[in-house]
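These are my notebook entries on one structure. I wrote down each thing as I looked it up.

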Amino acid sequence: MTDMRSFCDRQPEACTIGSQTAVAIGHRAQAGAKMLYEYLNEHLGPNDTTGKVAPLPPTRPSQHTLSPNDLAPAWRPAAT
C-alpha cells in the first residue's frame, strides 16, 4: 500500500495519464448510461404522455407482527 501511495511521486507522467484516462472513461460511462436510460425510457417507459405521474401502489403492512409468545417454541422435549 505504501508503494502505491508514492507511485505519483516516482512516476508523475504515468499518474497524470492515468488520471486523464480515468476521467475519459468516466465521461464515456456517463454518456453510455444516459443513452441506456433514454432508450429504456422510450421503449419501456409509460405510454402516457400527458405528464401525469402514476400513483404509487398502497403501502403494505409490516410483516414483522409476531409477538414474543408467537416466537417461543410450541413444545419442549421431556427432561431425562
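**Entry 1: order of elements.** I read the protein chain from the N terminus and noted its elements as α-α-α-α. My tally is four helices and zero strands. The model is predicted, and I kept that in mind for the entries below.

**Entry 2: confidence.** I looked up the pLDDT next, and the protein chain averages 80. At least 70 is the score of 88% of the residues. Which helix has the lowest confidence, and which the highest? I found the lowest in helix α1, residues 2–5, with a mean of 71. The highest is in α3, at 89.

**Entry 3: surface.** I asked how many of the residues of the protein chain count as buried. The result is 1% of the 80 residues. I also looked up the exposed area of the protein chain, which is about 8,300 Å². Carbon and sulfur atoms supply 61% of that area.

**Entry 4: the disulfide.** I searched the whole structure for disulfides and the search found one. Cys8 and Cys15 are its two partners, with 1.7 Å from S to S. I then checked the torsion about the S-S bond of Cys8 and Cys15; it is about 50 degrees, so I wrote the disulfide down as right-handed. Are these cysteines buried or exposed? Cys8 has a relative accessibility of 33%, so I noted Cys8 as partly exposed. Cys15 has a relative accessible area of 23%, and since buried means under 20%, Cys15 is partly exposed too.

**Entry 5: Arg10.** I found Arg10 in helix α2, which covers residues 7–10. The side chain of Arg10 makes a polar contact with the side chain of Ser6, at 2.9 Å. I noted Arg10 as partly exposed because its relative accessibility is 44%.

**Entry 6: Ser19.** I moved on to helix α3, residues 12–44, where Ser19 lies. What lies 2.8 Å from a polar atom of the side chain of Ser19? I found the backbone oxygen of Thr16 there. The relative accessible area of Ser19 is 39%, so Ser19 went down as partly exposed.

**Entry 7: the salt bridge.** I searched the whole structure for salt bridges, and one turned up. It pairs Lys34 with Glu38, and their closest N and O atoms are 4.0 Å apart. I copied a general remark beside it: side chains of opposite charge can pair when their charged atoms come close. Where do the two residues sit along the helix? Lys34 and Glu38 are four residues apart in helix α3, so about one helical turn separates them. I then looked up how far each partner is exposed. Lys34 has 53% relative accessibility, and because exposed means over 50%, Lys34 counts as exposed. Glu38 has 41%, so Glu38 counts as partly exposed.

**Entry 8: a nonpolar patch.** I looked for nonpolar side chains on the surface. Which residues form a nonpolar patch there? I listed Leu36, Tyr39, Leu40 and Leu44. Together these residues have about 430 Å² of accessible area. I looked up the place of Leu36 as well, and it is in helix α3.

**Entry 9: looking back.** I marked helix α3 for a second look. In my notes, helix α3 holds Ser19, Leu36, and the pair Lys34 and Glu38. Confidence in the protein chain is also highest in α3.

Definitions and conventions:
Residues are numbered from 1 along each chain as its sequence is written. Side-chain values use heavy atoms; hydrogens and water are left out. Buried means under 20% relative accessible area, exposed over 50%, partly exposed in between (1.4 Å probe, protein chains only). A polar contact is a pair of N or O atoms within 3.5 Å; within protein, one must be able to donate a hydrogen and the other to accept it, and residues adjacent in sequence count only if both atoms are side-chain atoms. A disulfide is a pair of cysteine sulfur atoms within 2.5 Å. Patches are made of residues with over 30% relative accessible area and no salt bridge: like charges are joined within 9 Å, nonpolar side chains (Val, Leu, Ile, Met, Phe, Trp, Tyr) within 5 Å. Accessible areas come from the Shrake-Rupley method with a 1.4 Å probe; for residues, only the protein chains shown count as cover. pLDDT is the predictor's confidence in each residue, from 0 to 100.
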